[in-house]
Amino acid sequence: TTTTSLESTSTTSFTTIITTTETSSSTTTTTTTVTISTTTTTTTMAILKYTLASSNPSFAPRSGHALVSHDNKVWLIGGKGNSILYNDVWYTTDMISWTQATSNAGFSPRWGHAVYSYNSKLWVIAGSTNANYYGTNDVWSSTNGIDWVLVTNQIFAGGGTRCSHGGYVFDNKMWIVSGVINAGANVTNDSMWSTNGYVWTV
């Protein structure tokens with residue numbers, strides 16, 4: 001953290017106002033001095049500096065991927081490159097050296113999915129399986145990041161799909177919040193939770 005001080009310049013100015021009053025026998029002049037001053041103000045601002053851990057990690061450049069902390073490791077799952085979607089799984093213990101758990105997980109390549117660490121498993125929920133917002137409706141889990149099991153392919157009522165949603169663990173439940181639904185036709189502000197991955201409560 002770097003600390004920087006920003007200081008304004010103090011100035012003091014004087015304005016003199018002269019008022020003249022005339023009568024038939026005399027002239028009276030009244031001089032009023034008004035003092036206007038400013039006070040020096042110093043503002044201290046903290047500037048955060050980030051340290052580059054790695055400029056060229058082992059995994060390919062991507063966006064729309066998901067990160068989660070699980071089993072004392074940080075896991076990177078899926079995402080999209082310039083002309084490719086990924087379903088690979090990587091992990092690291094120091095954010096510098098990355099190890100590929102699998103190049104081809106059981107779920108389809110995707111981006112905009114949600115990833116959780118819950119009940120000693122990794123979870124992947126929904127996401128888009130093409131370059132646009134055409135989401136999926138499935139839930140996958142794994143105990144090791146290599147072998148993935150389909151929990152359900154029907155989360156949302158009526159066969160709706162979802163991607164770019166928020167996902168987090170709270171109150172010992174997995175939560176889905178908002179997202180792009182029904183092949184990019186709309187966005188939503190709903191939320192739902194589950195304790196097993198296949199029964200979801202709105």
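**Two open sheets and their aromatic contacts**

Good morning. I begin with one pairing: Trp 123 has Ser 141 in strand E11 as its bridge partner. The model shown above is predicted, so to speak of a local feature requires a pLDDT of at least 70, and side-chain atom pairs count only at pLDDT 80 or more, whereas totals for chains, interfaces and linings use all residues. Residues are numbered from 1 along each chain as its sequence is written, and side-chain values use heavy atoms, with hydrogens and water left out.

Two terms are needed at once. Strands (E, at least two residues) and helices (H or I, at least four) are DSSP runs, numbered from the N terminus. Two strands pair if DSSP finds at least two bridges between them. As general background, strands of a sheet pair through backbone hydrogen bonds, either parallel or antiparallel.

Let us take the sheet that contains E11. How are its strands ordered? The order is E9-E10-E11-E12, an open sheet of four strands with antiparallel pairing. Strand E9 (114-118) and strand E12 (149-152) are the edge strands, each pairing on one side only. On average, and with direction ignored, neighbouring strands here are turned by 30° against each other; the axes behind such angles are lines fitted to C-alpha atoms, for helices over the stretch in contact, and angles run from 0 to 180 degrees between N-to-C directions.

Strand E10, residues 121-125, is joined to E9 by five bridges, and the two run antiparallel. Tyr 118 has Lys 121 in E10 as its bridge partner. The hairpin of E9 and E10 has two residues between the strands, and Asn 119 takes a positive phi near 50° there. On the other pairing, four bridges join E10 to strand E11, residues 139-142, again antiparallel. Is E10 mostly covered or mostly open? E10 is mostly covered, as four of its five residues are buried. Buried means under 20% relative accessible area, exposed over 50%, and partly exposed in between, with a 1.4 Å probe and protein chains only.

I turn to the second sheet. Four strands form this open sheet, with antiparallel pairing, in the order E5-E6-E7-E8. Its edge strands, each pairing on one side only, are strand E5 (66-70) and strand E8 (98-102). Here too, neighbouring strands are turned by 30° against each other on average, direction ignored. E5 and strand E6 (residues 73-80) run antiparallel and are joined by five bridges. In E6, Trp 75 is the bridge partner of Val 68.

Next come the aromatic rings. Rings of Phe, Tyr and Trp (its six-membered ring) pair if their centres lie within 6.5 Å; planes under 30 degrees apart count as stacked, over 60 as edge-to-face, and the rest as tilted. How many aromatic pairs does this rule give? The count comes to nine. One of them is Phe 107 with Trp 140, an edge-to-face pair at 6.4 Å centre to centre, with 65° between the planes. Phe 107 lies in the loop between E8 and E9 and Trp 140 in strand E11, so this pair ties together parts that are 33 residues apart in sequence. Both Phe 107 and Trp 140 are buried.

Trp 111 and Tyr 133 also form an edge-to-face pair, 5.2 Å centre to centre and with 65° between the planes. Because Trp 111 lies in the loop between E8 and E9 and Tyr 133 in the loop between E10 and E11, the pair ties together parts that are 22 residues apart in sequence. Trp 111 is buried, with a relative accessible area of 6%, whereas Tyr 133, at 41% relative accessibility, counts as partly exposed. Phe 59, Trp 90 and Trp 98 form one aromatic cluster.

Trp 111 has a further partner. Lys 80 lies over its face, at 3.9 Å from the ring centre. The rule is that NZ of Lys or CZ of Arg is within 6 Å of the ring centre and within 35 degrees of the ring normal. The charged end of Arg 62 likewise sits over the ring of Tyr 86, 4.2 Å from its centre.

I close with a histidine. Where does His 165 lie? His 165 is in the loop between strand E13 (162-163) and strand E14 (166-170). At 9% relative accessibility, His 165 counts as buried. Leaving aside neighbours within four places in sequence, the residues in contact with His 165 (heavy atoms within 4.5 Å) include Gly 112, His 113, Ile 125 and Ser 178. Thank you.
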